[in-house]
Amino acid sequence: MLAVEEINRNTKLLPNMTLGFHIFNAYHKDERTLESSVVWLSGQGPTIPNYNCERQGKSIVVIEGATSELTISMGSLLELYRIPQVTYGLFDPFLSDPVQFPSVYQMAPRDTSLPLAMVRLMVHFKWTWVGLVASDDPRSEKFLRDLQEEMVRNDVCVAFIQKIFTGLTEDNHYIYYFLNKLFRSKARVIVIDGNTDTLLTLRVREVAHALVYRMWITSSHWDIAKKPGYVYFDNFHGALIFADQTSKIPGFKHFLKTIHPAKDPENIFLQSFWNSAFGCTSKVGRVDGAVCSPNASLDTLGLSYLDMTMSHQSYTVYNAVYAIAWALHEMFLVRSEMESNRNGNNSGAYPWKLHSFLKNIQFNNSAGNHVVLDEKKKSVANYDILNYVAFGNDTEVLVKVGEFISEAPLGQAFIIQEKAIVWPRTWGESERERKGIDRYVGRETETEIDKEKSLLSHTKTLESQISNTSSLDQCMKCPEDQYPNTEKIQCLPKRVIYLTYEETLGMALASIAASFSLLTALVLWVFVKHKDTPIVKANNRDLSYILLFSLSLCFLCSLFFIGRPSAINCLLRQTTFGVMFTVAISSILAKTITVVLAFRATRPGSRSRRWVGSRTPISLVVFCTLIQVMLCAIWLFLSPPFPDADTYSDPEHIILECNEGSLIAFYFVLGYIAFLALGSFTVAFLARNLPDTFNEAKFITFSMLVFCSVWLSFLPTYQSTKGKMMVAVEVFSILSSSAGLLGCIFIPKCYVILLQPQKNTNKFLRNNPIS
């Protein structure tokens with residue numbers, strides 16, 4: 001009202017025009033908010049979407065939003081028409097998204113320095129055991145995260161975290177549960193933040209004792225001074241409030257003193273407020289109260305009804321009205337220059353045309369402060385620290401006792417006047433003196449509380465911290481080998497865990513490894529027993545023996561991963577695995593090369609005949625294995641694996657594991673095996689259709705496909721797991737890839753040797769020549 005009156009008197013701002021406004025109720029339900037928005041769009045009476053029967057008095061901008069939820073609810077409808085929404089509530093990063101909310105403009109400054117300001121206050125008074133209370137919404141969630149990070153950096157402990165849910169604020173069981181938990185907590189300093197609607201319950205509770213015996217730190221976002229008159233004033237006596245700094249607007253106090261319902265009879269809100277504040281009625285003959293005095297003035301009211309200094313939200317609304325007025329002024333000025341024949345007619349003031357002017361608007365308000373809507377140019381908020389004082393005669397005041405200037409030089413940002421602070425009533429009393437009110441809050445409501453616990457959020461604390469039982473304001477961090485108990489008052493020893501043979505997983509993996517190793521040994525026995533048959537002699541039987549022997553050891557090397565990690569275990573674990581798999585894969589590579597040489601040797605005059613039957617494939621296996629041995633030796637010499645203990649992944653356990661030492665060396669070993677596997681797969685794939693007797697190339701191609709698939713799946717899984725599961729993943733990969741090689745290459749041969757021996761003879765081969 002003040003801003004509109006000033007603008008209409010200003011001959012330089014919107015000359016020859018009269019600015020007006022409509023007031024609509026802001027409901028707490030989405031459906032009612034949308035209904036109010038449709039009424040605003042379509043006019044009073046029957047509301048028909050997309051139709052408006054009112055020819056005059058059509059508003060083109062909405063000033064809204066004590067909460068972000070209200071802005072979001074209205075935005076879903078208003079955005080269809082690109083109607084500008086100027087919000088006066090808290091700055092919310094979520095509303096800054098230009099894709100979801102292109103028509104929303106936030107007037108409030110960024111409050112990113114509020115967590116730092118509050119922690120500076122805690123550090124100054126050495127409050128190191130602090131509880132946190134906040135409403136359950138995204139903005140408060142981010143505030144809690146930022147505040148906790150700042151507290152950790154300054155060695156301030158979080159005693160508990162309690163969220164207040166909007167849907168449960170009327171549930172007495174929920175409120176008693178919260179008050180009981182609050183009273184039983186050792187934290188006597190509580191930070192509370194959130195929107196007024198959600199936290200309203202805490203202000204109007206008659207059970208006030210749990211609130212009285214605390215030092216409350218809050219912000220002006222949640223105005224503890226604005227409350228019904230019947231509420232105990234002592235609830236938050238002594239609280240310290242961080243209020244956004246505002247400047248005095250000239251003429252505001254005079255405006256409040258002169259305002260009266262008689263001067264504005266159409267303003268039903270003012271009339272209702274007047275009757276409530278003064279306890280009177282404007283109509284003669286009513287029996288429910290005295291007739292309001294014509295000389296009544298707002299400056300005689302207490303703080304609970306009205307603060308004569310402009311609040312942060314009022315200051316923001318004041319600036320919002322001026323921002324819209326200047327944007328309209330610029331728009332009409334540009335249009336008058338382009339279309340001089342309009343003569344100031346505002347019939348073309350469509351809402352969407354205002355966006356380009358609102359985005360770029362800048363001006364100085366009547367207090368001399370610079371106002372800008374562009375979020376990139378917004379400054380970080382500064383804060384006055386106010387002390388809330390309630391007197392015995394039901395009067396209250398807010399006294400400035402300090403300030404926080406976010407951009408001030410180091411050491412000058414935080415200023416506090418300790419002597420000016422009025423502390424809570426029982427501040428400084430011992431814990432014993434406060435025990436007498438335990439019955440008032442606690443025991444009689446515990447049965448009801450237990451029934452409601454499934455609906456409530458549970459208190460969260462920093463995982464590694466406990467309270468020092470000898471002091472209410474001190475906390476300590478548990479040693480690395482201990483963790484805090486449920487009550488956060490004692491450190492308990494962590495249990496040591498690792499993949500053991502006794503547990504089901506370890507027993508299963510060990511049994512599978514032993515079984516497959518034995519199976520491989522049986523296959524080797526079958527091949528040795530039938531060494532003179534064609535199927536065994538094909539593709540170099542010596543390579544088959546080496547491959548089977550190495551596969552048997554591959555299965556057994558997985559046993560190094562099970563059991564308590566030791567120095568020897570950790571040294572042999574990866575190196576044995578790397579060398580054995582290199583022998584196996586290089587044997588397969590030599591086998592595929594043997595197939596190619598055998599095919600080329602059948603050509604007349606081919607030079608490949610001299611290589612067939614030679615020791616060249618064996619030499620290839622030895623050469624490839626030596627390279628891997630050298631890599632492992634360098635790894636063990638420069639940065640060998642060693643036993644280690646992980647105390648961070650699991651808050652209640654110490655995980656014993658082998659630290660790989662050099663991850664680069666570890667991945668070099670794996671990379672070399674992958675290189676050999678890729679080479680084997682490529683050669684086998686190219687030779688898969690060569691017309692050779694008992695050609696293994698097809699089986700090798702499929703076996704290497706299985707092998708590569710297993711290890712490609714291993715890498716991301718290995719990186720995303722911790723502790724015992726990380727070891728189990730590697731053991732499973734070793735067993736499955738080894739089993740894939742054994743099954744794909746040798747099972748078909750064993751089938752022929754044992755079940756179809758008639759095909760494993762020279763006579764059969766002579767009668768069935770290669771096509």
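In which strand does Phe404 lie? In this predicted model, Phe404 belongs to strand β14, which spans residues 396-404. Its relative accessibility is 1%, and Phe404 therefore counts as buried, since that term applies to values under 20%. A separation of 291 residues in sequence stands between Phe404 and Ser113, yet their C-alpha atoms are 9.1 Å apart in space. A further pair of this kind is formed by His237 and Trp423, which are 186 residues apart in sequence and 7.5 Å apart from C-alpha to C-alpha. His237 is located in the loop that runs between β7 (215-219) and β8 (240-244). With a relative accessible area of 4%, His237 is also described as buried, because the value falls under 20%.

The interior of the model was examined for enclosed spaces. Four cavities of 30 Å³ or more are present in the structure. The largest cavity has a volume of about 120 Å³. Its lining is made up of Phe91, Pro93, Asp111, Thr112, Pro115, Arg139, Lys142, Phe143 and Asp146. By residue class, this lining comprises four nonpolar residues, one polar residue and four charged residues. Helix α5, covering residues 138-153, supplies the largest share of the lining, namely four residues.

Salt bridges were considered next. Seven salt bridges are found in a search of the whole structure. In one of them, Asp193 is paired with Arg139, and the closest N and O atoms are 2.4 Å apart. Asp193 lies in strand β6 (residues 189-193) and Arg139 in helix α5, so this pair ties together parts that are 54 residues apart in sequence. Arg139 also appears among the residues that line the largest cavity. Are the two partners buried or exposed? Asp193 has a relative accessibility of 0% and therefore counts as buried. Arg139, at 9% relative accessibility, likewise counts as buried because its value is under 20%.

Helix α5 contributes to another salt bridge through Glu141. Here Lys163 is bonded to Glu141 in a salt bridge whose closest N and O atoms are 2.5 Å apart. Lys163 is placed in strand β5 (residues 157-164) and Glu141 in helix α5, so that distant parts of the chain, 22 residues apart, are linked by the pair. The two partners fall into separate accessibility classes: Lys163 is buried, with a relative accessible area of 17%, whereas Glu141 counts as partly exposed at 29%.

A salt bridge also joins the side chains of Arg541 and Asp532, with an N to O distance of 3.5 Å. Arg541 is partly exposed, its relative accessible area being 28%. Asp532, by contrast, counts as exposed because its relative accessibility of 56% is over 50%. In addition, salt bridges link Asp384, Lys400 and Glu403 into a network.

Backbone geometry was also examined. Although Leu14 is not a glycine, this residue has a positive phi of about 50°. Leu14 is situated in the loop between α1 and α2. A relative accessible area of 7% places Leu14 in the buried class. A positive phi, of about 60°, is likewise found at Lys126, which is not a glycine either. Lys126 occupies the loop between α4 (114-125) and β4 (129-135). Which accessibility class describes Lys126? Lys126 is exposed, because its relative accessible area of 65% is over 50%.

On the surface, a nonpolar patch of about 470 Å² is made by Met1, Phe21, Ile23, Ile268 and Phe269. Of these residues, Ile23 is found in the loop between α1 (2-9) and α2 (30-42), the loop that also contains Leu14. Ile23 has a relative accessibility of 47% and so counts as partly exposed, since this value lies between the limits of 20% and 50%. The loop between α1 and α2 thus holds both the buried Leu14 and the partly exposed Ile23.

How values were computed: Residues numbered from 1 in each chain as written. Predicted model: local features only at pLDDT ≥ 70, side-chain atom pairs only at ≥ 80, totals over all residues. Heavy atoms only, no water. 1 Å grid on protein atoms, 1.4 Å probe; cavity = no way out; pocket = protein on both sides within 12 Å on 5 of 7 lines; lining within 4 Å. Points joined across faces, edges and corners; volume = space filled by probe spheres on them. Helix = DSSP H or I, 4+ residues; strand = E, 2+ residues; numbered from the N terminus. Nonpolar A, V, L, I, M, F, W, Y, C, P; charged D, E, K, R; others polar. Patch = residues over 30% accessible without salt bridge, like charges linked within 9 Å, V, L, I, M, F, W, Y side chains within 5 Å. Areas by Shrake-Rupley, 256 points an atom, 1.4 Å probe, with all protein chains shown as cover. Salt bridge = Lys/Arg side-chain N within 4 Å of Asp/Glu carboxyl O. Buried < 20%, exposed > 50% of the residue type's maximum accessible area, 1.4 Å probe, protein only.
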